[in-house]
Amino acid sequence: MTELMKWFDSRRSPMDLIERLFEGDAGSSAIRVEELVDGNTLVVRAELPGIDPDKDVDVSVADGVLTIKAERQEKSEHKDKDGYRSEFRYGSFVRRLPLPGGVQQNDVTASYKDGLLEVRAPLPAQTQEPAAAKVPVTRG
């Protein structure tokens with residue numbers, strides 16, 4: 001049941017739900033991420049092994065959504081006296097994650113080390129939400 005509830009996470013955009021439906025949540029074309037809060041900072045870690053972060057990764061924030069795009073191109077060749085073998089692995093990957101309200105896009109930072117991209121977004125100070133109020137129901 002918890003797996004099913006992930007599909008209906010209220011913070012996910014309809015586009016993310018459609019992408020997850022067609023790609024599969026753990027499919028080979030998905031960027032796997034973990035989200036956590038460290039003090040007053042949202043931390044998103046994405047697995048991106050075997051890429052050059054200077055030319056293969058694009059991290060952007062627009063309209064309250066964090067977008068991580070990556071492209072991988074790997075080629076290996078094996079030559080010997082009996083033959084030649086070449087293998088290619090390539091593809092584009094994208095992951096979009098909604099950010100909490102009030103996150104300032106200019107404060108978001110990203111770093112890459114050992115195949116792990118880490119994006120940090122300072123969370124705005126929590127404002128006291130008004131207590132729930134009972135709404136009377138009238139007969140029509």
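The legends below describe close-up views of a predicted model of one protein chain.

**View 1. The whole chain holds three helices and seven strands.**
Along the sequence, these elements follow the pattern α-α-β-β-α-β-β-β-β-β. The chain has 140 residues, and 24% of them count as buried. Its exposed area is about 10700 Å², of which carbon and sulfur atoms supply 51%. Taking the contacts between residues at least 6 apart in sequence, 49% join residues at least 24 apart.

**View 2. Three strands form an open sheet in the order 3-4-5.**
The pairing in this sheet is antiparallel. Strand 3 (57-62) and strand 5 are at the edges; each has a single partner strand, so one side of each is left without a neighbour in the sheet. On average, neighbouring strands here are turned by 10 degrees against each other, with direction ignored.

**View 3. Strand 3 pairs with strand 4 in the antiparallel sense.**
Strand 4 covers residues 65-80, and six bridges link strand 4 to strand 3. Two residue pairs can be picked out along these strands. Val-57 stands opposite Ala-70 of strand 4, and Val-61 has Leu-66 of strand 4 as its bridge partner. Where is a positive phi found in the hairpin of strand 3 and strand 4? Asp-63 takes one, near 50 degrees, in this hairpin, which has two residues between the strands.

**View 4. Strand 4 also pairs with strand 5 in the antiparallel sense.**
This pairing runs over 16 bridges. Arg-72 stands opposite Gly-91, a residue of strand 5. The connection from strand 4 to strand 5 is a hairpin through two residues.

**View 5. Arg-95 is a residue of strand 5.**
Strand 5 spans residues 83-98. Is Arg-95 buried or exposed? Its relative accessible area is 12%, and buried means under 20%, so Arg-95 is buried. The side chain of Arg-95 reaches the backbone oxygen of Ile-31 at 2.6 Å.

**View 6. Four strands form a second open sheet in the order 1-2-7-6.**
Pairing in this sheet is antiparallel. Strand 1 (33-38) and strand 6 (109-113) stand at its edges, and one side of each is left without a neighbour in the sheet because each has a single partner strand. Neighbouring strands of this sheet are turned by 20 degrees against each other on average, again with direction ignored.

**View 7. Strand 2 and strand 7 run antiparallel.**
Strand 2 takes in residues 41-47, and seven bridges join strand 2 to strand 7. One of the facing pairs is Glu-47 with Leu-116, the latter in strand 7. In a regular strand, side chains alternate between the two faces of the sheet.

**View 8. Glu-118 lies in strand 7.**
The strand runs over residues 116-122. Which side chain makes a polar contact with the side chain of Glu-118? It is that of Arg-45, at 2.9 Å. Leaving aside residues up to four places away in sequence, Glu-118 touches Val-43, Val-44, Arg-45, Thr-109, Ala-110 and Ser-111.

Note on methods
Residues numbered from 1 in each chain as written. Predicted model: local features only at pLDDT ≥ 70, side-chain atom pairs only at ≥ 80, totals over all residues. Heavy atoms only, no water. Buried < 20%, exposed > 50% of the residue type's maximum accessible area, 1.4 Å probe, protein only. Contact = heavy atoms within 4.5 Å. Areas by Shrake-Rupley, 256 points an atom, 1.4 Å probe, with all protein chains shown as cover. Polar contact = N/O pair within 3.5 Å; in protein donor to acceptor, adjacent residues only side chain to side chain. Pairing = 2+ DSSP bridges. Axes fitted to C-alpha atoms, helices over the stretch in contact; angles between N-to-C directions.
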